[in-house]
Amino acid sequence: MSQSEVQVLDKGFVRLIDWMGDDLTVVNSARVSFHKHSEGDENGEPTERDRKLIHYLAKHKHWTPFAHATVSLQIKAPIPIRAQFAKHTVGLVMNEVSRRYVVDEPDFYVPKWRSKPTDGAKQGSSDFIRDESLHDFNTLYIGIVEQAKLAYGELLKQGVAPEQARFIIPQGVYTEWWWTGSLATNPYRDWE
């Protein structure tokens, strides 16, 4: 299988490593309850009846058939983004590049700054900030990041263990991980 990749943010990516299963996998794992099986249409694609079953399974929260399709992804994103992925790990496992062992110079994400939430919004931020103060934000942020990179390098040079030296690295550092597992969704999620 060829690898496909989508670039995200300024230095990140999501790369498809491998997958197993498809819509017919979901359909057939559900139909096994009735000792039934679908081969799909003449091209091996799901039939209209198969698509209706998938919709039914999702609508009625029958999530286990979806667990029979799996995917492996390689992802590079800032640590806070990785933390959001970790919240959605039903049936997924993760292996991450470890700064306990890797001591190369870290890549940092410089965000497009957003304002705080307004009007009691539950989201973590509001619209993008579009004024001259952005230059000051970036100067401050990049200065701190550069100091942290220098301090990290100095700690390593002085013989501090990488697993401890990494604590000085800010949250904006990129990390990279493989994420593998079933496509089962959270059974408690509200389906549309």
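Among contacts in the protein chain between residues at least 6 apart in sequence, 68% join residues at least 24 apart. The model is predicted. Its secondary structure comes to five helices and five strands. Along the sequence, these follow the pattern β-β-α-α-β-α-β-α-α-β. Of the 192 residues of the protein chain, 29% count as buried.

**The sheet**

- Five strands make up an open sheet, and their pairing is antiparallel.
- The strand order is β1-β2-β3-β5-β4.
- β1 (4-8) and β4 (92-96) are the edge strands. Each has a single partner strand, so one side of each lacks a neighbour in the sheet.
- From one strand to the next, the twist averages 20 degrees.

**Strand pairings**

- Five bridges hold β1 and β2 (residues 12-20) together in the antiparallel sense. Val6 stands opposite Val14 in β2 in this pairing.
- The two strands form a hairpin, with three residues between β1 and β2. Leu9, in the turn, has a positive phi of about 55 degrees.
- β2 also pairs with β3, again in the antiparallel sense, over seven bridges. Here Met20 stands opposite Thr70 in β3.
- β3 (residues 70-78) and β5 (residues 174-182) run antiparallel and are joined by nine bridges. Pro78 has Tyr174 in β5 as its bridge partner.

**Ser72 in β3**

- Ser72 is placed in strand β3.
- Is Ser72 buried or exposed? Ser72 has a relative accessible area of 12%, so this residue counts as buried.
- Leaving aside residues up to four places away in sequence, Ser72 touches Arg15, Leu16, Ile17, Asp18, Trp179 and Thr180.

**Helix α3 on the sheet**

- Helix α3 (residues 79-86) lies across three strands: β3, β4 and β5.
- The helix runs at about 150 degrees to β3.

**Helix α2**

- α2 (residues 48-59) has twelve residues. At 1.5 Å a residue, the helix should span 16 Å. The end C-alpha atoms are 16 Å apart, which agrees.
- Which residues of α2 are buried? They are Asp50, Leu53, Ile54, Leu57 and Ala58.
- Viewed down the axis of α2, the buried residues fall within an arc of 135 degrees, so they line one face of the helix.
- The general rule is that an α-helix has 3.6 residues a turn, so residues three or four places apart point the same way.
- Arg49, Lys52, His55 and Lys59 are exposed on the other side of α2.
- α1 (23-31) is included in what covers the buried residues of α2.
- Lys61, just after α2, takes a positive phi of about 60 degrees.

**Aromatic pairs**

- How many aromatic pairs does the count give? The count comes to three.
- Trp113 and Phe137 are an edge-to-face pair. Their rings are 6.0 Å apart centre to centre, with 75 degrees between the planes.
- This pair links distant parts of the chain, 24 residues apart. Trp113 is in the loop between β4 and α4 (133-157), and Phe137 is in helix α4.
- Trp113 has 23% relative accessibility, so this residue counts as partly exposed.
- Phe137 is partly exposed too, with a relative accessible area of 32%.
- Trp113 also pairs edge-to-face with Tyr141. The centre-to-centre distance is 5.5 Å, and the planes are at 80 degrees.
- That pair likewise links distant parts of the chain, 28 residues apart. Trp113 is in the loop between β4 and α4, whereas Tyr141 is in helix α4.
- Why does Tyr141 count as buried? Buried means under 20% relative accessible area, and Tyr141 has 18%.
- Trp113, Phe137 and Tyr141 form one aromatic cluster.

Definitions and conventions
Residues are numbered from 1 along each chain as its sequence is written. This is a predicted model: local features need pLDDT of at least 70, side-chain atom pairs count only at pLDDT 80 or more; totals for chains, interfaces and linings use all residues. Side-chain values use heavy atoms; hydrogens and water are left out. Two strands pair if DSSP finds at least two bridges between them. Helices (H or I, at least four residues) and strands (E, at least two) are DSSP runs, numbered from the N terminus. Axes are lines fitted to C-alpha atoms, for helices over the stretch in contact, and angles run from 0 to 180 degrees between N-to-C directions. Contact means heavy atoms within 4.5 Å. The expected span of a helix is 1.5 Å times one less than its number of residues. Buried means under 20% relative accessible area, exposed over 50%, partly exposed in between (1.4 Å probe, protein chains only). The arc is that of the directions from the helix axis to the C-beta atoms. Rings of Phe, Tyr and Trp (its six-membered ring) pair if their centres lie within 6.5 Å; planes under 30 degrees apart count as stacked, over 60 as edge-to-face and the rest as tilted.
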